[in-house]
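Work through the two exercises below with the structure open. Each solution proceeds step by step.

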Amino acid sequence: MCGIVGIVSKTPYPSRVLLDRLKRLEYRGYDSYGLYDGRTLLRRIGGIRVEGGGRTTAGIAHTRWATHGGVSERNAHPHLSCDGRVAVVHNGIIENYEELRRGLLRKGHRFTSETDSEVIAHHLEDGLRRRPVEAALPRLFRELKGTFAVLAMVRGRDEIFALKRDSPLVLGAAEGRTILASDIYAFSDWTDRAVFFENDEMAAVGPSGARFFDATGRPIRKPARTFRWEQDRGPRRTAGHYMLKEILEEPAAVGRLLFSLGGDQKPAFDRLVRLIRRTRKVIFASCGTSYHATLLGAYYLHRTGREVQTLIASEFRHFAKVDAETLVVAVSQSGETMDVIDALKYARANGGRIAAIVNVPHSTIQRMSELSLNILAGPEVCVASTKAFVNQAVLLLALARAFGFPVRLETIPDRLRALFRQRARLRAMAVRIARSRDVYIIGRGLTYPVARETALKIKETSYIHAEGMMGGELKHGTIALIEKGTPVLSLINAGDPDIISNTKEVEARGAEIFVLTNHPTLGGDRNAVHLKTANDGKFGILAAAAGQLIAYYAAAALGRPIDKPRNLAKSVTVK
Ligand code: F6R
């Protein structure tokens, strides 16, 4: 949440380059944005416009997802200290900002925003009154409580100072330029060389390169690593929306993942299989869409006789008992979700082992884990996760196959392509669903996680109230909400007669029924889409992709800002 960027160059560059790079991080938050280039302070509300005429050799920029203080220009970053000597951008939450603020007010500092972040600029200015920046930064490190990735500029110095604790921060080493950013997507088209900050580390980045220090100011060595970040050569932003583009990239992304699971990722994959086999207890930890992928994964593994548990990461410590015989598998697209990181810290503190399944390479969660696999979905720009979900589910299905789940994974890309040829039917369904304020999506067994995921996609992109639930649970309460014409989307796996009964129960009460099925006869109906696969493992994945398209078309019918839904951010780096 919140994206930060800082660029230091040997030769002057147009300041708007900062905004151009920031735009690539806009999915981290889009309430307001701003930049400081040593001369100009620009702060604006809303989506980033790449504009401005100045030039600089060093500048910082920020795109905000509001936590402390409403969405306004004065709460937008960068924040300047009273005398303008210090400018900062910050991602994270300063937990003791009120206490620090009170102390600084007593010393005569005047605050202009309601944010927790502004305190950093004043604290640094206060430190600089008595000491050089090299000593003021360790003091800042000592006194700040909470989570932060901070970039600071100090008047008279041609450097950017970077500090990190718990919020993501990475440095990209490009030709003639160094870029500091919240994630590699800010510069992955400039360079594949990066230095990943660990907690309580800082850097001074100048025109001739970067120097790294620990939190006390002692120099440390941090070598650059090469990263691989898959780019799809698929259709460009389809109909102006990344969401559709990314859904349509799924066949290519699945193909790439399967190839790598049999190639360069095979040793890590085999190690994970061995680890799961040897470990008494396996728990997945994840949030949101990734959690739904793990529910599907848990189902697949249960079918092979291997019992695993899955927990939403924010509740992990309240429901998980972790010991030395527990393996916690974190599943996360961004690899930066704070609740997942917190669950892993808890697991580690209790002696558990940690593995990870992530999309963003070298992300914090990957670096915290003793073993990790990459889903290779490539950059996902739309805030709502689509192709990452599919690749997470495919990887978990591959894992289940290693334990005996019968499935031919190789045909998934073609099955997805066949599904995409039915887009017109899915769109027609979506347009009808979009007329309602509520929709219920029901599933059973492997389609239950898909029902939850489809509901989440519909909610976040179209703002229609959607509930994804177990078909069997309907009659224990929710059926009271079914009226004449209430849309119910039923996910019918051919082998499951019970979900057909649940569908009949709501139909009898006037619901308008929509169906996604691989049932040989049910799929012929006007309100049904037939998904061609006899394998229920694959059916789960295809039904999820169909649900993504329904959500997309419903949001499009309602004219929603599909790629950047209100109030959301892609990388959730606060608790
Ligand atoms: C919904 C969505 C979110 C994320 C969740 C976890 O479309 O994208 O629910 O799945 O915030 O994020 P990661 O997977 O990055 O840990």
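**Exercise 1.** Determine in which helix Pro449 lies, whether Pro449 is buried or exposed, and with which residues beyond its sequence neighbours Pro449 is in contact.

Solution. The model is a predicted one.

Step 1. Helix α15 spans residues 447-462, and Pro449 lies in it.

Step 2. The relative accessible area of Pro449 is 2%. Buried means under 20%, so Pro449 is buried.

Step 3. With neighbours within four places in sequence set aside, Pro449 is in contact with His292, Leu295 and Leu296. For His292, the separation from Pro449 is 157 residues in sequence, while the C-alpha to C-alpha distance is 5.4 Å.

**Exercise 2.** Describe the shell around the ligand: which residues are the closest, which helix gives the most to the shell, and where the ligand lies with respect to domain 2 and domain 3.

Solution.

Step 1. The ligand is surrounded by 14 residues, the closest being Ser290, Ser332, Ser334, Thr337 and Glu460. By class, four are nonpolar, eight polar and two charged.

Step 2. At least two shell residues come from each of α8 (288-303) and α15. α8 gives the most, with three residues.

Step 3. Now take the polar contacts to ligand oxygen atoms.
- Ser290: a side-chain N or O atom is 2.5 Å from a ligand oxygen.
- Lys457: a polar side-chain atom lies 2.9 Å from a ligand oxygen.
- Thr289: a backbone N or O atom lies 3.1 Å from a ligand oxygen.

The protein buries 90% of the 410 Å² that the ligand exposes when taken alone.

Step 4. Residues of the shell come from both domain 2 (239-406) and domain 3 (411-575), so the ligand lies between them.

Key. Residues numbered from 1 in each chain as written. Predicted model: local features only at pLDDT ≥ 70, side-chain atom pairs only at ≥ 80, totals over all residues. Heavy atoms only, no water. Helix = DSSP H or I, 4+ residues; strand = E, 2+ residues; numbered from the N terminus. Buried < 20%, exposed > 50% of the residue type's maximum accessible area, 1.4 Å probe, protein only. Contact = heavy atoms within 4.5 Å. Near = heavy atom within 4 Å. Polar contact = N/O pair within 3.5 Å; in protein donor to acceptor, adjacent residues only side chain to side chain. Areas by Shrake-Rupley, 256 points an atom, 1.4 Å probe, with all protein chains shown as cover. Nonpolar A, V, L, I, M, F, W, Y, C, P; charged D, E, K, R; others polar. Domains from an automatic or database assignment.
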